[in-house]
Each structure stands twice: as C-alpha cells, then as structure tokens.
Number of protein chains: 2
Amino acid sequence: MDRKQEILLAANKSFSLFGYKATTMEQIAKIANVGKGTIYNFFENKEVLFQEIVLRMIEEMKQEALNVIIEEAPFQQNAHAALMKMLEFRETHQLYAKIIDEETQWKTPAVKQVIGQVEQAIVSFIGEKINKYVQKGEIRQVNEELVAYLLLKAYVGFVNDWNLTHDDSLTEEEIANFFQDTIFRSLAI
Amino acid sequence: MDRKQEILLAANKSFSLFGYKATTMEQIAKIANVGKGTIYNFFENKEVLFQEIVLRMIEEMKQEALNVIIEEAPFQQNAHAALMKMLEFRETHQLYAKIIDEETQWKTPAVKQVIGQVEQAIVSFIGEKINKYVQKGEIRQVNEELVAYLLLKAYVGFVNDWNLTHDDSLTEEEIANFFQDTIFRSLAI
DNA sequence: AAATGACCGAATGGACATATCGGTCATACA
DNA sequence: TGTATGACCGATATGTCCATTCGGTCATTT
C-alpha cells in the first residue's frame, strides 16, 4: 500500500487510542513502518496531519450521506435516512469530539482554525442540501446556514453532550425521530 | 445590607472580572468588607459559593422570563417574548459560559455536578412551560425534556459558540426570529 | 452566637535542570 | 535524480526543588 495511506492509518489509530498530545510523530512512523522524516514528505506538520485525518473523515461522512439520499425521495425521508446513517458512526464522532476538545483546551490559533474548518465543511455541506430542497420547492425558504448550524449543534448536543449529564445515551431512533418531529418538520411547506 | 448578600455581590464581581481560579476567598472577603472566615459561615466552600451564584442567576432569569409571559397569550408570542428577554442578558450568559468553561478544563467531579445542576434547572424550567402548553392543547405532544434540551443547546450555540467561528454576532432579532421560524414553529399543532 | 484573622496543610507557581518531541537536513539508497 | 531516513537541533514539555499562596479551620474576640 502507498506510504501516505499507511501514515494516515497509523496516525488515525494512534490519535484515536492516545489522543493528540500523547501521540508522537515517531510513534506514528513506527506503526506506519516508515521513517519519521517520511511523514514530513506528505504532511507539513503534526497539526496538518491531524487536520487531514479529520477532513477526510468528513469527506467519508459526506459520501455515506450521499449514498443513502435518493434523488427522487421527499426531503423528510432523505433527511431521516442521512441522519440515521450519521448515527451509525456516533461513537467515532464522539471520539473525535473528545480529541478536538483535548486540543481546544490549549488555545492556540491553529486549533481554532481546525475547528472552524470542520464546522464550515459540515455546515456548508448540509446548507447545500437544504438549499437544494428549498429550490425544489419541497421546503420553506429559510436561512440555510442557520438551519445547518442548528442541525450540527443539535447533533453534537444529543450525541455527545447529552452523555455528560445523563446516564444513558439516547438511541439512534429516539434522536432521529425527534429531529424528524421538530427541526425537519418545521421546514415543511 | 446583610453580609450574605454582600458576599454574593463581591464574589459575583470578582468571578466575572477574574474568572474562577484567579478569584481568591480573601479577595472576595476584602471586597465584601468581611473577614475570610465569615464567608464560611454562609457557604461551605468556594465551589458551593460559585454554584450558589450561578443558581441564583438562573432564578433571576426564570423570573425575568415569567415577567414577560402573559397567561392568556398564545405560545408563539410568549416563547418569542421570553427568548427576547433572555437575549437581553446574552453578554452575561456568555461571561458565565466562559467561567464555567474555564472550570471545566480542570475536570473535577464537582465541576461536572455544577454543570449538571445548571443544565437540569434550565431544562426542567423550560420543560414545565412546554408541558403547560401541551396540556392547554396549544402545541403538539412532544417529549418536553428533549425539546427543552434542544432549545438550551441551540441558545448556547447561537449566543456563545457562533462567535468562535464567526466575526460578527447574530442580532437578537435574527436569533429570535430563527427560533420562531424553526423550533417554535415545529411545535404548533 | 456570630465574626474574625492567625494558623495549617495542601496546592500552586517560579526557577532550573533534564528529557522529550516536532521538525530539519545531510546522507544513503533506489 | 528524487525519495526515504534517522541522527541531530532547538524548542517545548516534564520533573524537582522550594517558597509562596490559598482554601479551609478554629481558638479567640466582640
């Protein structure tokens, strides 16, 4: 397999297992079976490597969402299906939320930038989809950025934050049905 | 004025100005014009003092909300009015979010407990109001806890988190109208 | 009975030495 | 000639003192 892929896999494994700070470039190199210097042939630095992994995860998630969206299906059905698909990866999302949170506490501008990029990537993807259905005339005219932002915050809230103050998680169905019943519903014409 | 009130005022001022850690009990005592020991006649420890301040702020907010709610008015109007009233205090809310966030980074169970209490107090207040309108038959039957939780997360999201990735804040009207247009709207029969 | 500040032990922060890590680059290698 | 590599370097983190500060107590005062 090509070295870049190996490095990404190794880094992903190490970040997931030990978090950002506790992962060293040497460790990644060892797992990937490459020299430390090789990593720097592909990635500018540790921060960028991490960013690349996160951004690739988002791309994967976009693809997963697109795979369950049926062009001719009504908005509600597609929204529900896409959300259920995302929820299949909720543990992964929680894990990355935790790692990014660990990074956040440390307040460098680079971290803020990563968070901004992640948020922007997700919000603009959701925003585009919302917009498509607005144009189709299937849902009301709304500020798609605000709706997308709300959806993201709600998702993180129920998948991640909820467990901080509640003993048991909400099930995928509870979450998806609730979204269906509130936010998605409010968009209907 | 009674000493407990003086202490609360002094502590509030100091926490707001310097944050939790940088505020010392001696400092509070000095501002309040009392001996340090006196504080401990009213509050078990620093953590509890802070908690008391936050919980009192929530009580104030509840009162402010109740003051603008008109018993006979429709749900949408009251929800909008209450939200607009809360938004008058958004800077204060942001400030306390920051202080609590500062505390959070430090991960003691006591902090988690405070956060839990704050969340629970807010969610159960909103939940009760939601429930009232459900019983009146003005809004759909929904899981009031989930709706309240969503409203809280959305509020914090737009008032607090939004500014982390955007240069300019949303106006009170933008936020309130958006809520009206999405979450509140979805509750209508 | 309530208020207080001297007092205590624990926690914090500063200073300094050491270790570790991110990142570079001269060399090896293909 | 271009890619891979690990020894090397400077910066940052970690560990270790010790002095100071702070949260919390309590004997004394009011």
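This passage describes the symmetry of the two protein chains, the surface around DNA strand C and the domain arrangement of chain A in a predicted model.

The two protein chains were compared by superposition. Chain A is brought onto chain B by a turn of 180 degrees with a shift of 0.0 Å along the axis, and the resulting RMSD is 0.1 Å. The copies are thus related as by a two-fold rotation axis. Within chain A, the residue closest to this axis is A:Ser186, with its C-alpha at 2.2 Å. Of the interface residues of chain A, 100% are also interface residues in chain B, so the copies meet through the same surface.

The contacts with DNA were examined next. DNA strand C is surrounded by 14 residues, of which A:Met25, A:Lys36, A:Lys46, B:Arg3 and B:Thr38 come nearest. Among the atoms of DNA strand C that come within 4 Å of the protein, sugar and phosphate account for 62%. By class, the surface near the strand consists of seven polar, four charged and three nonpolar residues. Helix H3 (36-42) of chain A and helix H3 (36-42) of chain B each supply at least two residues of this surface. The largest share comes from H3(B), with three residues.

Individual polar pairs involve both the bases and the phosphates of DNA strand C. In chain A, an N or O atom in the side chain of A:Lys36 is 2.3 Å from a base oxygen of the strand. For A:Lys46, a backbone N or O atom lies 2.7 Å from a phosphate oxygen. On the side of chain B, a polar backbone atom of B:Gly37 is 3.4 Å from a base nitrogen of DNA strand C. A:Lys36 and A:Lys46, which form two of these pairs, are also among the residues that come nearest to the strand.

The domain assignment divides chain A into domain 1, spanning residues 1-43, and domain 2, spanning residues 46-187. Their C-alpha centres are 27 Å apart. Contact between the two domains of chain A involves 16 residues of domain 1 and 13 residues of domain 2. The area buried between these domains is about 1400 Å², and carbon and sulfur atoms give 71% of it. Helix H3 (36-42) of chain A, which supplies at least two residues of the surface near DNA strand C, falls within the bounds of domain 1 (1-43).

Note on methods: Residues are numbered from 1 along each chain as its sequence is written. Chains are lettered from A and ligands numbered from 1 in the order in which they are written. This is a predicted model: local features need pLDDT of at least 70, side-chain atom pairs count only at pLDDT 80 or more; totals for chains, interfaces and linings use all residues. Side-chain values use heavy atoms; hydrogens and water are left out. Copies are superposed by least squares on the C-alpha atoms of residues with pLDDT of at least 70 in both. Contact means heavy atoms within 4.5 Å. A residue is near a molecule or strand if one of its heavy atoms lies within 4 Å of it. A polar contact is a pair of N or O atoms within 3.5 Å; within protein, one must be able to donate a hydrogen and the other to accept it, and residues adjacent in sequence count only if both atoms are side-chain atoms. Helices (H or I, at least four residues) and strands (E, at least two) are DSSP runs, numbered from the N terminus. Ala, Val, Leu, Ile, Met, Phe, Trp, Tyr, Cys and Pro count as nonpolar, Asp, Glu, Lys and Arg as charged, and the others, Gly among them, as polar. Domain bounds come from an automatic or database domain assignment. Buried area is the accessible area (1.4 Å probe) that two parts lose on being put together, summed over both.
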